[in-house]
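Me: I would like to go through this structure term by term. Please set each value against the cut-off that gives it its name.

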Amino acid sequence: MNKDEKAVGDLSTNFWKFELRCPCKKCRRKRVLVDDLLLFKLEMVRVECGNKPMTINSGNRCPEENKKVGGYPDSAHVPMPKGKGVDAKIKGVKPLDIGLAAEKVGGLRIGIGKTYCHLDVKPPCPSKYWIYMKRRAPIYSAKIENKSLIRFYKIVMGGR
Ligand SMILES: [Zn+2]
Ligand SMILES: [Zn+2]
């Protein structure tokens with residue numbers, strides 16, 4: 001391969017196993033299992049956000065790692081049998097804007113954090129969106145506004 005040619009990821013065009021691997025020591029040699037639909041959607045969100053590099057903060061988590069980082073027991077990050085969720089960021093793109101791009105792509109649940117956006121392909125149960133709050137439980141959309149991310153976001157965050 002030409003040295004200048006951009007290498008293609010080993011999971012999908014722009015994503016690599018090492019980026020989505022559970023970070024714990026125990027999982028270093030385990031297979032990285034990621035849902036193909038999630039990868040397809042991530043590629044689409046990436047394009048919607050201007051085709052810039054998407055950084056994966058968290059991909060697969062084994063149950064122990066998930067517990068350690070305070071994830072929900074049935075988190076989309078835990079492969080069952082494949083990982084269905086990531087926490088991602090894109091330099092220069094706000095988490096909310098990644099979320100809005102994901103809403104446009106469709107079929108994703110969206111969690112807005114301060115520095116990252118959680119995206120997963122699990123069906124709404126019942127919330128489609130949530131916002132991570134500092135030192136307290138996330139606020140979920142099902143009881144507030146489950147149809148539009150921006151409306152939900154504005155109701156929760158007010159003028160911000
Ligand atoms: Zn692990
Ligand atoms: Zn997450």
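Reply: Helices here are DSSP runs of H or I with at least four residues, and strands are DSSP runs of E with at least two, both numbered from the N terminus. By that naming, Pro81 has its place in the loop between α3 and β2. The model is predicted, and for that reason local features need pLDDT of at least 70 and side-chain atom pairs count only at pLDDT 80 or more, while totals for chains, interfaces and linings use all residues. Residues are numbered from 1 along each chain as its sequence is written, chains are lettered from A and ligands numbered from 1 in the order in which they are written, and side-chain values use heavy atoms, with hydrogens and water left out.

Me: What makes His77, Asp87 and His118 donors of the zinc ion (ligand 2)?

Reply: A donor is an N, O or S atom within 2.8 Å of the metal (3.2 Å for Na, K and Ca), and since water is not among the atoms, a site may look incomplete. His77 through NE2, Asp87 through OD and His118 through ND1 lie 2.0 Å from the zinc ion, so they meet the 2.8 Å limit and count as its protein donors. Along the sequence, the donor residues are spaced H-x9-D-x30-H. Because His77 lies in the loop between α3 and β2 and Asp87 in strand β2, this pair ties together parts that are 10 residues apart in sequence.

Me: Are the zinc donors His77 and Asp87 buried or exposed?

Reply: Buried means under 20% relative accessible area, exposed means over 50%, and partly exposed lies in between (1.4 Å probe, protein chains only). His77, with a relative accessible area of 2%, is therefore buried, and Asp87, at 6%, counts as buried too. In strand β4, Asp120 has a relative accessible area of 0% and so is buried.

Me: What does Asp120 touch, leaving out residues up to four places away in sequence?

Reply: Contact means heavy atoms within 4.5 Å. By that rule Asp120 touches Leu38, Ala76, Lys84, Gly85, Gly107, Leu108, Arg109 and Trp130. Its C-alpha atom is separated by 9.5 Å from that of Ser75, although the two residues are 45 apart along the chain. Glu65, in helix α3 (residues 63-68), is likewise buried, because its relative accessibility is 8%; leaving aside neighbours within four places, Glu65 is in contact with Cys22, Pro23 and Cys24.

Me: Why is α4 called roughly antiparallel to α5?

Reply: Axes are lines fitted to C-alpha atoms, for helices over the stretch in contact, and angles run from 0 to 180 degrees between N-to-C directions. Angles under 35 degrees count as roughly parallel, over 145 as roughly antiparallel, 65 to 115 as roughly perpendicular, and the rest as oblique. α4 and α5 pack at about 150°, with their axes 10 Å apart, and this angle makes the pair roughly antiparallel. Leu96, Gly99, Leu100 and Glu103 in α4 meet Leu149, Ile150 and Tyr153 in α5.

Me: What covers the buried residues of α4?

Reply: The cover includes α2, β2, β3, β4 and α5, and the buried residues of α4 are Pro95, Leu96, Ile98, Gly99, Ala101, Ala102 and Val105. After α4 comes Gly106, whose phi is positive, near 85°.

Me: Which members touch the most others in the largest nonpolar core?

Reply: A nonpolar core is a set of buried Ala, Val, Leu, Ile, Met, Phe, Trp, Tyr and Cys residues joined through side-chain atoms within 4.5 Å. Of the 34 residues in the largest one, Val45, Leu108, Ile110 and Leu119 touch the most other members, and the largest share of this core, five residues, comes from α4.

Me: What makes the backbone at Asn51 and Arg135 worth a look?

Reply: Most residues other than glycine have a negative phi, and most peptide bonds are trans. Asn51 has a positive phi of about 60°, and Arg135 one of about 55°. Asn51, in the loop between α2 and β1, is partly exposed because its relative accessible area is 48%, whereas Arg135, in the loop between β5 and β6, counts as exposed at 79%.

Me: Where are the cis peptide bonds at Pro81 and Pro126?

Reply: One runs from Met80 to Pro81, with omega near -5°, in the case of Pro81 within the loop between α3 and β2. Another joins Cys125 and Pro126, with omega about -10°, and Pro126 has its place in the loop between β4 and β5.
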